[in-house]
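Open the model in your viewer and keep the selection box ready. We will go from the whole protein to single residues.

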Amino acid sequence: MEGRRGTNLPRIADFNQAVILDAVRHAPDGLSRVELAELTGLSAQAVSNITRRLLDRELITEAGTLVPAGRGKPRTLLRLHPTGSFAIGVHVDPTVTTVALLDLVGDVVASVRTLPASATSPSELVAAITDAAAGLVTSTGVDARRVLGMGIAAPGPLDPGTGVVLEPPLLPRWTNVGLRELLHEASGYPVVLHKDAAAAALAELWRGSATGLADFVFLYLGTGLGAGLVIGGELLGGSTNNAGEIGHMVVDADGPRCRCGQRGCVGPACMPRTLVREAAEAGLLPRPAPDAGDREIDGLFTAMCRLPAARPILERSAARLARGAATIANLLDVRAVAFGGPIWDRISEVYLPILRDTLLTTTEARHVHPVAALGSSLGPDVGAIGAGCLVLEHSFSTRPSTLLLGPREDQPATRWTVTM
């Protein structure tokens with residue numbers, strides 16, 4: 001049997017402390033020690049000892065009192081201490097690279113954008129990311145010793161065991177790049193690497209529109225299309241953490257030609273490059289050169305989204321995406337599909353009504369429960385926020401997927417520590 005893959009991120013708490021932290025994280029209004037004992041099954045003495053240690057380390061804070069109805073003494077509420085620890089999240093995208101500093105509850109303290117991956121080499125981008133991260137820590141006055149690590153959200157496919165970006169189809173210069181090791185060596189931080197769509201799904205689970213949902217799909221719309229799958233409150237990674245590559249699902253036999261040779265793949269059906277080409281063929285935009293860069297295409301796409309005459313092109317794209325979303329919802333029996341990513345804010349007004357109608361009227365589960373279509377509340381930086389949440393998730397979550405005992409037996413161990 002294949003062993004679980006490891007991570008080089010240190011954990012900030014043992015299991016029982018992680019149980020307490022996770023319970024407090026899921027209660028934004030706070031929990032008393034009595035409530036924590038009831039929720040976790042730990043003894044009152046154990047809860048008292050653990051919370052005292054967490055208070056001393058400034059990972060939780062006392063935040064007001066709860067006065068029980070009737071008799072009983074007031075109880076002190078405990079919440080996560082936002083500035084107790086921090087995480088750096090990095091989203092590597094063909095059109096822009098975003099670096100964000102998150103606090104312990106997952107809120108963005110500060111963020112900055114730097115070089116696009118499609119227009120720079122891996123070594124140049126690593127240097128830019130490292131400089132941007134250092135600049136954020138310095139400008140915000142955060143103690144670098146409180147930064148738990150750096151999370152990277154990158155286009156797949158990836159090898160998470162070795163931290164290598166393999167052959168992302170939209171980044172031809174990024175074949176077999178050991179991004180995790182490069183960024184660790186350059187920044188000194190422990191680093192965790194995951195696919196951008198999966199990281200974005202985690203951001204929605206932690207701080208976005210899907211908070212409180214145990215089962216949903218996040219469809220990430222950017223230069224390309226990917227899916228992040230959350231089942232039972234956990235990211236569904238697949239055997240190599242590359243689950244969610246849905247771009248070649250055929251949704252329209254008469255749709256645009258895909259590089260794979262098929263027609264009507266859902267990925268190209270909602271890619272800015274495809275839609276810009278359709279708008280140019282309709283005489284609505286200047287025709288871009290065949291070798292036009294992603295940033296040029298992104299600018300044309302923005303212009304296209306503002307043209308009333310381009311609305312039928314967007315509506316046709318939304319209908320194709322909706323068919324794909326319904327198929328995935330049927331396959332996994334989820335209660336919601338969330339949509340977001342760098343281009344979402346430009347298209348949501350057209351897409352969301354179509355997506356909602358299709359999911360409510362065509363999914364097989366509609367006779368049992370509705371399937372909601374949710375727009376992301378985290379904006380275009382959802383990938384960077386998710387990357388930072390990867391660090392927080394690995395650092396103190398009790399989820400089985402993060403309680404990793406070591407690397408696969410066929411992978412060398414990589415262990416680093418940070419001073420807390």
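The tour below moves stop by stop, with something to select each time.

**Before you start**

This is a predicted model, in which local features need pLDDT of at least 70, side-chain atom pairs count only at pLDDT 80 or more, and totals for chains, interfaces and linings use all residues. Residues are numbered from 1 along each chain as its sequence is written, and side-chain values use heavy atoms, with hydrogens and water left out.

**Stop 1: the whole protein**

Show everything as a cartoon. The protein has 12 helices and 14 strands. Helices (H or I, at least four residues) and strands (E, at least two) are DSSP runs, numbered from the N terminus. Of the 420 residues, 54% are buried. Buried means under 20% relative accessible area, exposed over 50%, and partly exposed in between, with a 1.4 Å probe and protein chains only.

Now turn on the surface. Its accessible area is about 18000 Å², and carbon and sulfur atoms hold 52% of that. Such areas come from the Shrake-Rupley method with a 1.4 Å probe; for residues, only the protein chains shown count as cover.

**Stop 2: helix 1 and the loop after it**

Select residues 15-25, which form helix 1. Here 9 of the 11 residues are buried, so helix 1 is largely enclosed by the rest of the structure. Among them are Ile20, Leu21 and Arg25. Zoom in on Arg25: its charged end sits over the ring of Trp206, 3.7 Å from the ring centre. The test for this is NZ of Lys or CZ of Arg within 6 Å of the ring centre and within 35 degrees of the ring normal.

Next, pick Ser32, in the loop between helix 1 and helix 2 (33-40). Is Ser32 buried or exposed? Its relative accessibility is 1%, so Ser32 counts as buried. Setting aside neighbours within four places in sequence, Ser32 is in contact (heavy atoms within 4.5 Å) with Arg75, Thr76 and Leu77.

**Stop 3: the nonpolar cores**

A nonpolar core is a set of buried Ala, Val, Leu, Ile, Met, Phe, Trp, Tyr and Cys residues joined through side-chain atoms within 4.5 Å. Select Ile20, Leu36, Leu80, Phe216 and Phe218. In the largest core, of 49 residues, these touch the most other members. Helix 12 (residues 382-396) gives this core the most, 9 residues. A second, separate core has 43 residues, including Val217, Cys270, Leu314 and Leu352.

Go back to Leu80. Not counting residues up to four places away in sequence, Leu80 touches residues including Leu21, Val24, Arg25 and Phe396.

**Stop 4: helix 10**

Select residues 311-332. Helix 10 has 22 residues and should span 32 Å at 1.5 Å a residue (times one less than the number of residues); its end C-alpha atoms are 31 Å apart, which agrees. Its buried residues include Ile313, Leu314 and Arg320. Just after helix 10 comes Asp333, with a positive phi near 55 degrees.

Now pick Ala329, also in helix 10. It is buried, at 3% relative accessible area. Leaving out neighbours within four places in sequence, Ala329 is in contact with Val334, Val337, Leu359, Thr363 and Val371. Measure to Ala365 as well: 36 residues away in sequence, but 8.5 Å away in space, C-alpha to C-alpha.

**Stop 5: two rings**

How many aromatic pairs does the structure hold? There is 1. Select Phe339 and Trp344: their ring centres are 5.8 Å apart and their planes at 20 degrees, so the pair is stacked. Rings of Phe, Tyr and Trp (its six-membered ring) pair if their centres lie within 6.5 Å; planes under 30 degrees apart count as stacked, over 60 as edge-to-face and the rest as tilted. Phe339 is buried at 0% relative accessibility, and Trp344 is buried at 3%.
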